[in-house]
Amino acid sequence: MAPAEKYPDLTNFKALSFDCYGTLIDWETGFLNTVRYLTSQLPAWHPLNKEPPTEAMKRLNAVTRAYERDHPTLPYNEILAEAITAFARAELKLPGLPDSVAEPFGNSPGTWLPFADTIPGLQKLARHYKLVILSNVDNNNIGATAEKLAPARFDAVYTAQNIGSYKPARRNFEYLFGHLRADLGVDKDKGELLHVARSLVADHVPAKELGLPSVWISRGGDRKDGSGIGGDYAELKDKVAFGWRFDTIGDFADEVERQFATKLKA
């Protein structure tokens, strides 16, 4: 984490909107576990039969993104099932994928676990802001995830299933802005909203386009070997404009606590 004096003020926002999977929930481990099942069936010489199967995970994520773009009203659990079946056949040249693999993969996000810093970090942040989720995941999966994030609680949860499109579509963020004004009295245009996310592609690129202040929770994505599925910062740095970067939600929450404590003493 950078020295405290390098961070701009965080105390004037009223609400934080979070991407959930990858930011709060360990998305990549969940994806890797299923991808590993597929790549283990490949010949030893196959370039995607590597441990960990990071390249295969990135390719599956690209297929998933294409399905999100082409089928914006399809719920995420169905997107995942369709995407992994197509990936197995087209990319891995496997004969097919049984429903016993595809369907559970679609429902797996609700089983993925929070990062160790997530819940205590959210509890600290809730002392100072309203907390909101803006997620590409379907309602059933996000409901199961909310239980795993307890005792942390959110003031609102907005999903792609309700919105009818997937981030990075502008529509998702415009839905967020409109509902925050109506539901919680938080106005993005008055500088009251701060977006917090791991993914550069799905969150920080549209945040810059829409003039939405943002915090990058990098979780290793600032390293070239750790770009994962959120996008390569070296390639996207001119398309993003986050004002803060922290390794974890825990580091972000600690800086927020520090700034509010300093303000109280002033």
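**From one helix to the whole fold**

Start at helix α11, which covers residues 249-265. This helix has 17 residues. From its first C-alpha to its last it reaches 25 Å, close to the 24 Å expected at 1.5 Å a residue. The model is predicted.

Which residues of α11 are buried? They are Ile249, Gly250, Phe252, Ala253, Glu255, Val256 and Gln259. Buried here means under 20% relative accessible area. Several elements help to cover these residues. Among the strands in that cover are β1 (15-18), β4 (193-197), β5 (214-217) and β6 (244-246). The cover also includes a helix, α5 (118-125).

Now step back to the whole chain. The protein has 11 helices and six strands. Its radius of gyration is 19 Å, close to the 18 Å that the globule rule gives for 266 residues, so the protein is as compact as a globular protein of that length. Along its principal axes, the C-alpha trace spans about 65 × 35 × 35 Å.

How are the contacts spread along the sequence? Take those with a separation of 6 or more: 72% of them come from residues 24 or more positions apart. Burial can be counted too. Of the 266 residues, 53% count as buried.

Last comes the outside. The accessible surface of the protein comes to about 12,000 Å². Carbon and sulfur atoms hold 51% of that surface. The protein carries 32 positive and 35 negative charges. How far apart are the mean positions of these two sets? They are 3 Å apart.

Conventions
Residues are numbered from 1 along each chain as its sequence is written. This is a predicted model: local features need pLDDT of at least 70, side-chain atom pairs count only at pLDDT 80 or more; totals for chains, interfaces and linings use all residues. Side-chain values use heavy atoms; hydrogens and water are left out. Helices (H or I, at least four residues) and strands (E, at least two) are DSSP runs, numbered from the N terminus. The radius of gyration is taken over C-alpha atoms; the globule rule is 2.2 Å times the number of residues to the power 0.38. Buried means under 20% relative accessible area, exposed over 50%, partly exposed in between (1.4 Å probe, protein chains only). Contact means heavy atoms within 4.5 Å. Accessible areas come from the Shrake-Rupley method with a 1.4 Å probe; for residues, only the protein chains shown count as cover. Lys and Arg count as positive and Asp and Glu as negative; His and the chain ends are not counted. The place of a charge is taken as NZ of Lys, CZ of Arg, CG of Asp or CD of Glu. The expected span of a helix is 1.5 Å times one less than its number of residues.
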